[in-house]
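I opened my notebook to look this structure up from scratch. My plan is to go from the overall picture to the sheet, then to the helices.

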Amino acid sequence: MKNILFTLALLVSFGSYSQSKADYINTMVKGARTNIGNVDNVNGIIMQNIFNEANEAIVYEIKLTKKETADIFRDYQSKEQLILQDKQLGKKGVSSFAIKHNIVIKYRYYYNNNIIKSLTVMPNEWNN
């Protein structure tokens with residue numbers, strides 16, 4: 001997951017010439033889509049889809065293929081963990097871009113085609 005966040009952050013940094021919030025989100029989506037299909041076979045994690053939601057949010061849909069991994073994400077994955085992981089990436093994280101352009105970031109985790117966890121990080125929450 002850290003590799004995915006790192007790649008997303010790098011791609012986001014190249015797209016900062018857009019004018020509107022929708023343009024910024026679309027730039028993030030375009031760059032992040034290179035991660036669709038990326039697989040962590042050991043843990044059964046697949047980046048399934050990334051899209052612009054109503055020109056307000058970028059949504060990352062993550063498919064979990066192993067029950068053990070799905071159980072861990074459902075029971076333990078939190079918004080605070082996502083924020084901490086991003087902070088560990090420093091300038092390579094997505095938080096500064098999300099804050100600067102007031103972008104909501106949503107993570108949806110699926111197992112057996114059902115959402116097992118949905119997390120939303122508002123721009124102001126990255127500073128917590």
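Before reading any angle, I note that axes are lines fitted to C-alpha atoms, and that angles run from 0 to 180 degrees between N-to-C directions. I also note that this is a predicted model.

**Entry: helix across the sheet.** With that in hand, I looked up helix H3, residues 67-76. I found that H3 lies across S2, S3, S4 and S5. Its direction runs at about 40 degrees to S5.

**Entry: the whole chain.** I counted elements next. The protein chain has 5 helices and 5 strands. Read from the N terminus, their order is α-α-β-β-β-α-α-α-β-β. The chain holds 128 residues, and 46% of them count as buried. It exposes about 7000 Å², with carbon and sulfur atoms supplying 50% of that area. I also checked contacts between residues at least 6 apart in sequence: 57% of these join residues at least 24 apart.

**Entry: the sheet.** How are the 5 strands ordered in the sheet? I read S1-S2-S3-S4-S5, in an open sheet with mixed pairing. At the edges I found strand S1 (39-40) and strand S5 (114-121), each pairing on one side only.

I then looked at S3 (residues 57-64) and S4 (residues 104-111). These two run parallel, joined by 8 bridges. In this pair, Leu 64 stands opposite Tyr 111 in S4.

**Entry: another helix on the sheet.** Which strands does helix H2 touch? I noted that H2 (residues 21-32) packs on the sheet and touches S2 (45-53), S3 and S4. The direction of H2 makes about 160 degrees with that of S2.

Note on methods. Residues numbered from 1 in each chain as written. Predicted model: local features only at pLDDT ≥ 70, side-chain atom pairs only at ≥ 80, totals over all residues. Heavy atoms only, no water. Helix = DSSP H or I, 4+ residues; strand = E, 2+ residues; numbered from the N terminus. Buried < 20%, exposed > 50% of the residue type's maximum accessible area, 1.4 Å probe, protein only. Contact = heavy atoms within 4.5 Å. Areas by Shrake-Rupley, 256 points an atom, 1.4 Å probe, with all protein chains shown as cover. Pairing = 2+ DSSP bridges.
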